[in-house]
Amino acid sequence: MNKKILVGLLTVLIVLNMFFAYNTIKKMEEEVVNTEEFTEFYTEREEEGGGVKLLESNFKVYEKHYKIVTEKVKEESKKRPEITTYVVKSGDTLGGIANKFGQTQTVIKYNNSHLGKYLKIGQKITITRGNSITYKVAKGDTLGNIAHKFGKSVSSIQESNHLKTTVVHINQKLVIESPKVDLNKISKKTTGIDIYWPVKWAGITSPYGRRFHPVLKRWIGHMGVDLRAHYIPVKASDKGIVTYSGWMNGYGNIVIIKHSYGYETRYGHLKTLKVKRGQRVRRGQLIAISGATGRVTGPHLHYEIRKNGTPINPMKFYK
Ligand SMILES: [Zn+2]
């Protein structure tokens, strides 16, 4: 290739490039700038006369007075997401309400643990902005733990809640914007324990509550739920200390774990025990292999959650 042609081509390329760069700058000048959208990419500084200096650190400096939409834009975006109350009207569905407010049903359910299967006219529903949820600080919570729980950074939670420090207090209500976790898996109770299913979910073979016992042939209270589990790994629902690991009448081989705030989980009819009494366990740690020991008609995992000794329906934690 001729040297002249090469130089010519390069010149054309440079001119084209300058043309596009000029257009880009021109476009930016014309733009009505929403300062909020720029904060991530540019350093923003107040200029005399109300303009804003936008600096791009690497190779170019744009200096221009931009027309700022309104001062309010910035203020409002920094404002704590507002919480409103919606009153259920005739004909409302949860899906319809979710659409109306641009939320997912999961978020609405998470923020309104009182909602049952059917909506009732006149029922009040808490609506947050966007996909934010409300979280009540529990005993033992730190901002770091809370941030981790919802897949957020500490600073983003501080920003959403106008917190100048990382100090939070019990029962303080926080807004978590767009939590990056599956809310279905997080307990609504602000008790400080996160309960996870101990086995891979395959359904329930017997629910919590009163039932006709197939072996004893009489009505008895079922203190837990029977989870479909055919000789599979059983994992600790939350961190805690093993208070029992051995044989117990009716339960067969059982592991009992004590958690914070008076909570206790029980795992019955186990085939093999993998932990010992007094041992500390992490959430999700293997504690046993499920089986069919004790008073059973077939293999399953009998799973109980108790608070201060009183059984609770485990399904309450997994809605
Ligand atoms: Zn059972």
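These legends accompany close-up views of a predicted model.

**Figure 1. The whole chain.**
The chain has 319 residues, and buried residues make up 20% of them. Seven helices and 21 strands are found along the chain. Among contacts between residues at least 6 apart in sequence, 62% join residues at least 24 apart. The average pLDDT, the predictor's confidence in each residue on a scale from 0 to 100, is 77 for this chain. A score of at least 70 is reached by 75% of the residues. Over residues 28-78 the pLDDT is below 50. That stretch has 43 contacts in the model beyond near neighbours in sequence.

**Figure 2. Strand S20 and its partners.**
Strand S20 covers residues 301-307. Five of its seven residues are buried, and the strand is mostly covered. Strand S13 (residues 225-227) runs antiparallel to S20, and three bridges join the two. In this pairing, Val-225 has Tyr-303 of S20 as its bridge partner. Strand S17 (residues 263-273) also pairs with S20 in the antiparallel sense, here through six bridges. Arg-266 stands opposite Glu-304 in S20.

**Figure 3. The hairpin of S20 and S21.**
Strand S21 (residues 310-312) pairs with S20 over three bridges, and the two strands are antiparallel. Arg-306 stands opposite Pro-311 in S21. Two residues lie between S20 and S21 in this hairpin. Asn-308 is in the turn and has a positive phi of about 50°.

**Figure 4. The largest nonpolar core and a second core.**
The largest nonpolar core has 20 residues. Val-255, Tyr-267, Leu-270, Ile-287 and Ala-288 have the most contacts inside this core. At least two residues of the core come from each of S13, strand S16 (252-258), S17, strand S19 (286-290) and S20. S16 gives the most, with four residues. Another core, of 13 residues, lies apart from this one. Val-107, Tyr-110, Leu-143 and Val-168 are among the residues of that other core.

**Figure 5. The contacts of Leu-270.**
Which residues does Leu-270 touch, not counting residues up to four places away in sequence? Val-234 is one of them. Leu-270 also touches Gly-252, Asn-253, Ile-254 and Val-255. The list goes on with Ala-288, Ile-289, Ser-290, Gly-291 and Thr-293. Leu-270 is also among the residues with the most contacts inside the largest nonpolar core.

**Figure 6. Positive phi at His-269 and Tyr-231.**
His-269 is not a glycine, yet its phi is positive, at about 65°. This residue lies in strand S17. Is His-269 buried or exposed? His-269 is buried, because 25 other C-beta atoms lie within 10 Å and the cut-off for a buried residue is 20 or more. Tyr-231, also a residue other than glycine, has a positive phi near 55°. Tyr-231 is found in the loop between S13 and strand S14 (233-235). Tyr-231 counts as exposed because it has 12 C-beta neighbours inside 10 Å, and the cut-off for exposed is 12 or fewer.

**Figure 7. Arg-282 in a loop.**
Arg-282 is found in the loop between strand S18 (280-281) and S19. It has 11 C-beta neighbours inside 10 Å and therefore counts as exposed. Arg-282 and Ser-237 are 45 residues apart in sequence, and their C-alpha atoms are 8.6 Å apart in space. Leaving aside neighbours within four places in sequence, Arg-282 is in contact with Ala-236 and Lys-239.

**Figure 8. Met-248 and Gly-294.**
Met-248 is found in strand S15 (residues 240-248). With 15 C-beta neighbours inside 10 Å, Met-248 counts as partly exposed. Along the chain, Met-248 and Gly-294 are 46 residues apart. Their C-alpha atoms are separated by 7.9 Å.

**Figure 9. Helix H4 and the residue after it.**
Helix H4 spans residues 94-101. The number of buried residues among its eight is zero, so the helix lies largely in the open. Gly-102 comes just after H4 and takes a positive phi of about 65°.

Methods. Residues are numbered from 1 along each chain as its sequence is written. This is a predicted model: local features need pLDDT of at least 70, side-chain atom pairs count only at pLDDT 80 or more; totals for chains, interfaces and linings use all residues. Two strands pair if DSSP finds at least two bridges between them. A nonpolar core is a set of buried Ala, Val, Leu, Ile, Met, Phe, Trp, Tyr and Cys residues joined through C-beta atoms within 7 Å. Two residues are in contact if their C-beta atoms, placed from the backbone, lie within 7 Å.
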